[in-house]
Amino acid sequence: MSVSHSGSRCGRRSVEFAAARGIKNISFLPPVPKKAVPALLEKMDILFFSLQKCVLFRQGISPNKLIDYMMAGKPVIQAVDAGNDMTADAGCGITVEPENEKAYADAITKLMSLTAEERAAMGSNGRQYAVEKHDYTKLAKDFLDVIVG
């Protein structure tokens, strides 16, 4: 299984967790240039996004990485304690408690137990959500509507 993972402290802990247990069927990759992201994500089975627990996130998040993951059309595991849950809203994956390795493993197991068609449908949901709600042209129009009236 291939998993794209952020380079956060949590990411380092995940690498250490897998190494300590001799888990060899997951690859953790270093950061790549933004232009190379779509081609890399195409090769992934599941995309994992996590942020440390932080009071700041209770107002909500809209991270570029999550939008990239949705645009890739792959199932997402989101581990963020935030005031919003774009993964659930889009129906494109599973949201779990951040900083909880068991929850991560359970989510991976659950997604990999789905059929390829079910995972593809989740990925398609994410792509559709990203196009409908986070396309730059639409965001610019929405912004101008608010500013100009």
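Guide: A residue is called buried when its relative accessible area is under 20%, exposed when that area is over 50%, and partly exposed in between. The model in front of you is predicted. With those cut-offs in hand, we can start with helix H3, which covers residues 64-71.

Visitor: Which residues of helix H3 are buried?

Guide: Leu66, Ile67, Tyr69 and Met70 are the buried ones.

Visitor: How do you know where on the helix the buried residues of H3 lie?

Guide: Look down the axis of H3: the buried residues fall within an arc of 160°, so they line one face of the helix. After H3 comes Gly73, which has a positive phi, near 70°.

Visitor: What makes Asp68 and Lys34 a salt bridge?

Guide: The cut-off is a distance: a side-chain nitrogen of Lys or Arg must lie within 4 Å of a carboxyl oxygen of Asp or Glu. In Asp68 and Lys34, the closest N and O atoms are 2.5 Å apart, so the pair meets the cut-off. Side chains of opposite charge can pair when their charged atoms come close.

Visitor: What does the pair of Asp68 and Lys34 tie together?

Guide: Asp68 belongs to helix H3, while Lys34 sits in the loop between helix H1 (9-20) and helix H2 (37-42), so the bridge ties together parts that are 34 residues apart in sequence.

Visitor: Why do Asp68 and Lys34 get the labels they do, buried, partly exposed or exposed?

Guide: Asp68 has a relative accessible area of 23%, so it is partly exposed. Lys34 has 53%, which is over 50%, so Lys34 is exposed.

Visitor: How many salt bridges does the structure hold?

Guide: There are 5 salt bridges. Among them is the one between Lys102 and Asp106, at 2.9 Å from N to O. Both residues lie in helix H5, 4 residues apart, about one turn of the helix. Lys102 is exposed because its relative accessibility is 57%, and Asp106, at 40%, is partly exposed.

Visitor: What makes Lys138 and Asp142 a salt bridge, and how are they placed in helix H7?

Guide: Their side chains come to 2.5 Å, N to O, which is within 4 Å, so they count as a salt bridge. Lys138 and Asp142 are 4 residues apart in helix H7 (residues 136-148), so about one helical turn separates them. Lys138 has 32% relative accessibility and counts as partly exposed; Asp142 has 29% and is partly exposed too.

Visitor: Why is the pair of Phe48 and Tyr104 called what it is: stacked, tilted or edge-to-face?

Guide: A search of the whole structure finds 1 aromatic pair. The ring centres of Phe48 and Tyr104 are 4.7 Å apart, and the planes stand at 65°, so the pair is edge-to-face. The cut-offs are centres within 6.5 Å and, for edge-to-face, planes over 60 degrees apart. Phe48 is in strand E2 (residues 46-50) and Tyr104 in helix H5, 56 residues apart, and the pair links these distant parts of the chain.

Visitor: How do you know whether Phe48 and Tyr104 are buried or exposed?

Guide: Phe48 has 4% relative accessibility and Tyr104 has 6%. Both values are under 20%, so both residues count as buried.

Visitor: How many disulfides does the structure hold?

Guide: The structure holds 0 disulfides. Of the cysteines, Cys54 is partly exposed because its relative accessibility is 36%, whereas Cys92, at 1%, counts as buried.

Visitor: What lines the largest pocket, and what is its volume?

Guide: The volume is about 460 Å³. The lining has 17 residues, of which Lys34, Ile67, Asp68, Met71 and Tyr136 lie nearest the centre. At least two lining residues come from each of H2, H3, helix H6 (116-134) and H7.

Visitor: What makes Glu99 worth a look, as regards its phi?

Guide: Most residues other than glycine have a negative phi. Glu99 is not a glycine, yet its phi is positive, about 65°. The residue lies in the loop between strand E4 (93-95) and H5. With a relative accessible area of 29%, Glu99 falls between the two cut-offs, so it is partly exposed.

Methods. Residues numbered from 1 in each chain as written. Predicted model: local features only at pLDDT ≥ 70, side-chain atom pairs only at ≥ 80, totals over all residues. Heavy atoms only, no water. Buried < 20%, exposed > 50% of the residue type's maximum accessible area, 1.4 Å probe, protein only. Arc of directions from axis to C-beta. Disulfide = S-S within 2.5 Å. Phe/Tyr/Trp six-rings, centres within 6.5 Å; stacked < 30°, edge-to-face > 60°. 1 Å grid on protein atoms, 1.4 Å probe; cavity = no way out; pocket = protein on both sides within 12 Å on 5 of 7 lines; lining within 4 Å. Points joined across faces, edges and corners; volume = space filled by probe spheres on them.
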